[in-house]
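Me: I'm new to reading protein structures, and I'd like a close look at a single part of this one. Could you walk me through one strand and the side chains on it, and then show me a little of what lies elsewhere?

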Amino acid sequence: MAKSDLVRIKYLIEDLWQWKKPVRIMEVCGSHTMVIGKYGIRSLLPPSIELISGPGCPVCVTPASFIDALLTLKNVTIATFGDLIRVPGINGTLEQARAAGLDVRIVYSPLEALKIASTRETVFAGIGFETTIPGIAHTLLEAQRLKLHNFSVLPAFKTIPPALKALLSTDNIAIDGFILPGHVSVITGSAAYQFLVDDFHTGGVIAGFEPITLLQTIKDIISQLKRGIPMIENAYKEVVSIQGNIPAQNIIRKVLQPEDAYWRGLGKIPASGLGIKEEFAQFNAIRKYDLQITETEMPSGCRCGDVLKGFIKPPQCPLFATTCHPAHPLGPCMVSSEGSCAAYYKYER
Amino acid sequence: MKDEIITLAHGSGARLTQQLIAEIFAPHFHLPALTDSVAIGHNLVVTTDAHVVKPIFFPGGDIGKLSVTGTVNDIAVSGAQPLYLLATFIIEEGFPISDLKKIVASMQEAALEAGVKIIAGDTKVVEKHNAEGIYITTTGIGTLPLDLHLGTDKIKNGDLIIVNGNIGDHTIAIINARNELDLQPPPRSDCAPLNGLIACMLPAADLHFMRDATRGGVATILNEVFEDNGLGIIIDEASLPISAATLAVSNLLGLEPLYMANEGVIVTFAAADTTGLIPAMKKHRYGKNAALIGKVTSDVKGVFLRTTIGSLRPLPMLHSDPLPRIC
Ligand code: SF4
């Protein structure tokens, strides 16, 4: 890091230490959770500024029934992003199923799954937010163009703004400001968050992923609080526009449509998911294999929901680091490296 | 063991592998210590290592080269001179002879470079689909100078921690080759026999301990050292030698180079007053990027990373392989 950056970081931290009133700032996005942990940013902040991790880890909020639905499939290859394979369903994980003979393959992009489908019946585990969804929608268009018969996607896509709305509508929620996601906002545009200010009088700043930007973002949120005027600011203008990525939005609209979705820990949130449109039904694994994704109970004792809402910090869960740890995650927040519990386990113990 | 079947995580080299050895193997075998190689008699050192890699051929090496260098390095980090190898092949029915020829030729080339002889072996062929391509196990034998003893018990407060080259390159080369990330130019594995480099290092400084940072990477070794002798370690993130390509891909996939497997990286603990070691290493072709990455210290309890922005955060042992994240 350049010397000038280090000096700036020092000044930012000194400045933040001037702030005495307790505030709670939520970083929505799992990648921000990672950067905060990786750079030990919490250890640099004064006790008055509390960072809480929100629902922006796609793996964490994927319901158990999604995993269980995949586990019922026979004689197919399941293609999935890596961090999903240790997420527990009620009936086990994909990793355990792989050891018992299920053909589970880790892919880095949905197009890779399409390649696998050229030789075998393949189901792609379709999870993700606005960032990953356009790529998967594009893959479905490709599958249609290639007239593939042995490719389908099990959809559990989610969108961030409705989740924030549901979160702020929860009783007793106390969030003073948001560090808004960088990558998601590239697609949605900054205008998508204006309702935070209009309906909930809460501001936020769209941030990139450098530690220095995150510290600056925290300072910007504190400045908003000082002025008492919440607003949506964009500190990631290089890539985030007001309207977002219109072609990506169009591709999503062409293939997918809003529907209610289940979020692990948060429950059912109206119009927060994206399902596959009727014209593409042949690629919808729910239809093809008659699967169901429903609300499922959290493992007993797991307080992931309270963690995602910012009511408690992971170490306040009685199971944290005792029976629940990354090798044996009880709840979803411990599974992905982006999950709040896993990030705490790794970086803040 | 809670999970009643073996999963891939048991082979990751992280906490679950340790558990497997401690709970399943150790009670039935005679395992003096959890090291890469073991001394028998006065000055003989032996080690054995099974090699499975997908794809079998990758930029910078192949399974044959790996099977020689991996075992040579396990012997060499004890300070011993590797002399002989024995090799066992498990081959899947249908495997192309032309590929086998290539693999054996690259074993010969690596053995020649390392100055070891492959003196015996065994071959088994299994039915199609009962193995994937080819697996190679090599056993190595070396001799240890009588006056030399390297071990975690020799590490002291103030010791310098040094690596010989870029970390993470092997893992990124394999991920790229396996998933066709199409990086141009394709990143190359660091796979190399390091006994020549180590021979240059031994006379250059008072070395206390060496280990090759294969599965589990540099961070896992540091944690094993801490668990062995209870001495704290601080690593300086800014000083880590990491290539630009490896850094870019690991940021993209949410993986940390410090936990990535290497095939040509050794972590060395040397006396606090060491001066000539890094210059000596830089003269060797496998030590060009040698760097001082941290120190043993009583300031902390555990393994910690001084981040590029100056904060201190834990660098713990991982339970299992880190998973690439959805991005
Ligand atoms: S520590 Fe485990 S059980 Fe507790 S909230 Fe986190 S994921 Fe759930």
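Reply: Happy to! Let's begin with a term: a residue is called buried when its relative accessible area is under 20%, and exposed when that value is over 50%, with partly exposed in between. Please keep in mind that this is a predicted model.

Our part is strand 9 of chain B, which covers residues 207-212. One of its residues is His208(B). Is His208(B) buried or exposed? Its relative accessible area is 3%, so His208(B) counts as buried.

Now look at what surrounds His208(B). A polar contact of 3.4 Å links its side chain to the side chain of Asp206(B). A polar atom of the His208(B) side chain also lies 3.4 Å from the backbone oxygen of Lys154(B). Setting aside neighbours within four places in sequence, His208(B) is in contact with Leu150(B), Gly151(B), Lys154(B), Ile155(B), Lys156(B) and Asp159(B), and also with Phe269(B), Ala270(B) and Ala271(B). Lys154(B) therefore turns up twice: in that list of contacts and as the owner of the backbone oxygen.

Stay on the strand and find Arg211(B), which is in strand 9 of chain B too. With a relative accessible area of 14%, Arg211(B) is buried. Its side chain makes a polar contact of 3.4 Å with the side chain of Glu224(B).

For contrast, turn to Gln81(B) in strand 5 of chain B, a strand that spans residues 81-92. Gln81(B) has a relative accessible area of 48%, so it is partly exposed. Not counting residues up to four places away in sequence, Gln81(B) touches Ile75(B), Ile141(B), Gly142(B) and Thr143(B). The C-alpha atoms of Gln81(B) and Leu255(B) are separated by 35 Å, and the two residues are 174 residues apart along the chain.

One more stop is helix 2 of chain B, residues 63-76. From first C-alpha to last, this helix of 14 residues reaches 20 Å, close to the 20 Å expected at 1.5 Å a residue. Helix 2 of chain B is mostly covered, with 13 of its 14 residues buried. Where is its N-terminal cap? Asp62(B) does that job: a side-chain oxygen of Asp62(B) lies 2.8 Å from the backbone nitrogen of Gly64(B).

To retrace the route, go back to His208(B), buried at 3%, and then to Arg211(B), buried at 14%, before you return to Gln81(B), partly exposed at 48%.

Conventions
Residues numbered from 1 in each chain as written. Chains lettered and ligands numbered in written order. Predicted model: local features only at pLDDT ≥ 70, side-chain atom pairs only at ≥ 80, totals over all residues. Heavy atoms only, no water. Helix = DSSP H or I, 4+ residues; strand = E, 2+ residues; numbered from the N terminus. Expected span 1.5 Å × (residues − 1). Buried < 20%, exposed > 50% of the residue type's maximum accessible area, 1.4 Å probe, protein only. Polar contact = N/O pair within 3.5 Å; in protein donor to acceptor, adjacent residues only side chain to side chain. Contact = heavy atoms within 4.5 Å.
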